[in-house]
Amino acid sequence: MKHLWMALITLGLLCGTTAPAQAAPAVWASKNIYVYDKTPTGHYPVAQAAEYWDNDTKTNVNFIYTRQPCAAGTQCVTVTEVANLAYPAIGKASRHLTNGVVVSATIGLDSKYWKTENYAHERSLICHELGHILMGPGHSTHKNSCMQSINTGDKYPDADDLAKVRSLYKLP
Ligand SMILES: [Zn+2]
């Protein structure tokens with residue numbers, strides 16, 4: 001009987017902490033999203049990080065890496081180096097919406113981070129910021145996900161991240 005009580009209490013707590021339903025996050029309108037890399041050559045592996053999200057053939061997302069400014073009217077993520085991010089931030093992402101639809105975005109990467117961190121950490125950072133560009137502000141609690149809020153290793157979009165992107169960007 002005692003065990004049943006414990007089970008009921010636990011169940012009650014779990015139900016009590018269920019988050020309320022949230023409005024669907026804003027998404028991009030169409031498949032092709034240009035990633036305009038303005039960072040200095042050799043500093044950040046922007047193209048390699050973009051491939052992680054782009055390689056999932058089950059989503060309607062196509063990141064197109066470019067070193068050329070995006071053409072007018074195209075969906076564009078501009079990636080730059082930025083100085084003096086407030087510690088402990090090493091990157092930032094912001095999305096610009098028109099009528100509730102994402103039309104462009106910017107990513108800022110700390111101008112010092114590439115000097116002190118290894119390739120895997122740099123790529124994980126960019127993977128993280130590109131994830132925000134697609135999904136909005138949420139973070140993952142999974143240790144192998146690049147959407148974890150702490151950048152501690154070689155991380156990727158994990159199965160849950162990709163499932164979320166697939167639900168937001170269904171193939172037509
Ligand atoms: Zn984040």
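## Helices, a sheet and two exposed loops

User: How does H2 pass H4: in a left-handed or a right-handed crossing?

Analyst: H2 passes H4 in a right-handed crossing. Please keep in mind that this model is predicted.

User: Why is H2 called oblique to H4?

Analyst: Helix H2 (residues 46-54) and helix H4 (residues 119-135) pack at an angle of about 50°, and their axes are 8 Å apart. Roughly parallel would need an angle under 35 degrees, and roughly perpendicular begins at 65. The angle fits neither class, so H2 is oblique to H4.

User: Which residues make that contact?

Analyst: H2 brings Val46, Gln48, Ala49, Ala50, Tyr52 and Trp53, while H4 brings Arg123, Ile126, Cys127, Leu130 and Leu134. By class, nine of the contact residues are nonpolar, one is polar and one is charged.

User: What makes E2 and E4 the edge strands?

Analyst: Happily, the strand order shows it. The open sheet has five strands in the order E2-E1-E3-E5-E4, with mixed pairing. Strand E2 (62-66) and strand E4 (91-98) each pair on one side only, and that makes them the edges. Neighbouring strands are turned by 20° against each other on average, direction ignored.

User: How do you know that E3 and E5 pair?

Analyst: Two strands pair if there are at least two bridges between them. Seven bridges join strand E3 (residues 76-82) to strand E5 (residues 101-110), and the two strands run parallel. One example is Val82, whose bridge partner in E5 is Asp110.

User: Where do the two helices lie on the strands?

Analyst: H2 lies across strand E1 (32-37), E2 and E3, and runs at about 170° to E2. An angle over 145 counts as roughly antiparallel, so H2 is roughly antiparallel to E2. H4 lies across E3, E4 and E5, at about 20° to E4. An angle under 35 degrees counts as roughly parallel, so that is the word for H4 and E4.

User: Why is Asn84 called exposed?

Analyst: A residue is exposed if 12 or fewer other C-beta atoms lie within 10 Å of its own. Asn84 has 8 C-beta neighbours inside 10 Å, so Asn84 counts as exposed. Asn84 lies in the loop between E3 and E4, and its phi is near 65°, a positive value in a residue other than glycine. Pro88 lies in the loop between E3 and E4 as well, and the peptide bond from Tyr87 to Pro88 is cis, with omega near 5°.

User: What makes Asn99 exposed?

Analyst: Asn99 has 7 other C-beta atoms within 10 Å, so Asn99 is exposed. Asn99 is found in the loop between E4 and E5, with a positive phi near 50°.

Technical notes
Residues numbered from 1 in each chain as written. Predicted model: local features only at pLDDT ≥ 70, side-chain atom pairs only at ≥ 80, totals over all residues. Axes fitted to C-alpha atoms, helices over the stretch in contact; angles between N-to-C directions. Helix = DSSP H or I, 4+ residues; strand = E, 2+ residues; numbered from the N terminus. Parallel < 35°, antiparallel > 145°, perpendicular 65-115°, else oblique. Left-handed = near helix turned anticlockwise from the far one by under 90°. Contact = placed C-beta atoms within 7 Å. Nonpolar A, V, L, I, M, F, W, Y, C, P; charged D, E, K, R; others polar. Buried ≥ 20, exposed ≤ 12 C-beta atoms within 10 Å, placed from the backbone.
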